[in-house]
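Work through the exercises below with the sequence and the model open. Each task is followed by a solution in steps.

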Amino acid sequence: MVIHTQKETLVQALSSVAKSDKIGFVPTMGALHEGHISLVKNALEDNDVVVVSIFVNPTQFNNSADLEKYPRTPDDDILLLKKLKGNVIGYLPEVSDLYDASVYAKKYNFGNLENEMEGKHRKGHFDGVGTIVSKLLKIVKPNTAYFGEKDFQQLQIVKKLVDIEKIPVKIVGCPILREKNGLAMSSRNKRLTAKQFEEAALIYKTLQEVREKFSSKSINELNALVAERFLRNPHLKLEYFEIANEKTLKTAKRKNKDTKYRAFIAAFADEVRLIDNIPLN
């Protein structure tokens, strides 16, 4: 496994590869877990070479404390990637390799996609996501890039981004991997205490209950049910729960027979923010 810390050397290394081999790409912010590794394995099945980037992107954080405390484990990350069978290339740049002297996000118009859920609660977040994903895709020039469905709204934003910028890449969403208690795997899980980790199982348990009752209860009833479940748990604070049109991500007020829906949750365990989602029909 070769590690690059500068885009110039990575581009040079990939220039010869691209002539004959398919390139897969998995962008990450590090603190890798089995969810990330599953993305890389999917990419290795489809491609000859897979580039994995590890970069904590400052422009997608609207909370400086969250950026500062985001887990960083580059040595452990590299060890995990080295265990994989296949041609994996690591890209671990500094901020200065991807941004000029002024670190800022490009402004995008993602339409209604950016105004729902995460967009409401993390102003400017998706401009930061779009900025860094665009930069990375133009450096790596992959045939296919892989993103986890835990960040389902981000996945839709990235698909919109490549349409806007006409980047020739296929975007693939991959299933959520979960801990034994059902909690969606996330780098932020490393910040949870043992008690918080145990209590956070409520998130997926509640989503499952919503799915089970989706056909028999109204959306208002399901919203009330979720609010009540979280009010009963002193360890978690619900930031939002939304049932949304899976394609447009627009919040649903009532159910339409021919529409696919997905439920989304964001909750805090003290100051650690956790998100999850589940298809409903």
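**Exercise 1. A helix and its cover**

Task: Say what covers the buried residues of α4, then find which residues of α4 are buried and which are exposed on the face turned away.

Solution. The model is a predicted one.

Step 1. The cover over the buried residues of α4 includes β1, α2 and β3.

Step 2. Helix α4 spans residues 74-82, and D77, I78 and L81 are buried in it. Looking down the axis of α4, these buried residues fall within an arc of 95°, so they line one face of the helix.

Step 3. The face turned away from the buried side carries D75, L79 and K82, which are exposed.

**Exercise 2. Strand order in the open sheet**

Task: Give the order of the six strands in the open sheet and say which strands stand at its edges.

Solution.

Step 1. The order is β1-β4-β3-β2-β5-β6, with parallel pairing.

Step 2. The edges are β1 (2-4) and β6 (170-174). Each has a single partner strand, so one side of each lacks a neighbour in the sheet. From one strand to the next, the twist averages 25°.

Step 3. Take one pair as an example. Strand β2 (residues 23-28) runs parallel to strand β3 (residues 49-54), and six bridges join the two. In this pair, T28 is opposite I54 of β3.

Step 4. Add the helix that crosses the sheet. Helix α7 (residues 125-140) lies across β2, β3, β4 (88-91) and β5 (144-148), and runs at about 150° to β2.

**Exercise 3. Two positions annotated in UniProt**

Task: For the "active site" position H36 and the "binding site" position Q60, state the location, whether each is buried or exposed, and the contacts.

Solution.

Step 1. Start with the record. UniProt lists H36 under "active site" in an unreviewed entry. The feature "binding site", also from an unreviewed entry, is placed by UniProt at Q60.

Step 2. H36 sits in helix α2 (residues 34-46). Its relative accessible area is 12%; a residue counts as buried under 20%, so H36 is buried.

Step 3. Apart from neighbours within four places in sequence, H36 is in contact with T28, G30, A31 and S187. T28 is the residue that stands opposite I54 in β3.

Step 4. Q60 belongs to the loop between β3 and α3 (64-69). With 9% relative accessibility, Q60 counts as buried.

Step 5. Setting aside neighbours within four places in sequence, Q60 contacts M29, R122, H125, G128, V129 and I132. The side chain of Q60 also makes a polar contact with the side chain of N57, at 2.9 Å.

**Exercise 4. The β8-β9 hairpin**

Task: Describe how β8 and β9 pair, and say how many residues of β9 are buried.

Solution.

Step 1. Strand β8 (residues 261-269) pairs with β9 in the antiparallel sense, over eight bridges. One of the bridge pairs is A267 with L274 of β9.

Step 2. The two strands form a hairpin with two residues between them. In the turn, D270 has a positive phi of about 60°.

Step 3. Strand β9 covers residues 272-279, and seven of its eight residues are buried, so the strand is largely enclosed by the rest of the structure.

**Exercise 5. Two acidic residues and their arginine partners**

Task: For D276 and E246, find which arginine side chain makes a polar contact with each, and describe the surroundings.

Solution.

Step 1. D276 lies in strand β9 and is buried, with a relative accessible area of 4%.

Step 2. The side chain of D276 makes a polar contact with that of R178, at 2.7 Å. Not counting residues up to four places away in sequence, D276 touches I176, R178, A184, I203, Y204, L207, A263, F264 and I265.

Step 3. The C-alpha atoms of D276 and S186 are separated by 9.8 Å, although these residues are 90 apart along the chain.

Step 4. E246 is placed in the loop between β7 (237-245) and β8. At 19% relative accessibility, E246 counts as buried, the cut-off being under 20%.

Step 5. The side chain of E246 makes a polar contact with the side chain of R262, at 3.0 Å. With residues up to four places away in sequence left out, E246 touches F152, Q156, K260, Y261, R262 and P279.

How values were computed
Residues are numbered from 1 along each chain as its sequence is written. This is a predicted model: local features need pLDDT of at least 70, side-chain atom pairs count only at pLDDT 80 or more; totals for chains, interfaces and linings use all residues. Side-chain values use heavy atoms; hydrogens and water are left out. Two strands pair if DSSP finds at least two bridges between them. Helices (H or I, at least four residues) and strands (E, at least two) are DSSP runs, numbered from the N terminus. Axes are lines fitted to C-alpha atoms, for helices over the stretch in contact, and angles run from 0 to 180 degrees between N-to-C directions. Contact means heavy atoms within 4.5 Å. UniProt positions are given in the numbering used here, feature names are shortened, and annotations may be inferred rather than shown by experiment. Buried means under 20% relative accessible area, exposed over 50%, partly exposed in between (1.4 Å probe, protein chains only). A polar contact is a pair of N or O atoms within 3.5 Å; within protein, one must be able to donate a hydrogen and the other to accept it, and residues adjacent in sequence count only if both atoms are side-chain atoms. The arc is that of the directions from the helix axis to the C-beta atoms.
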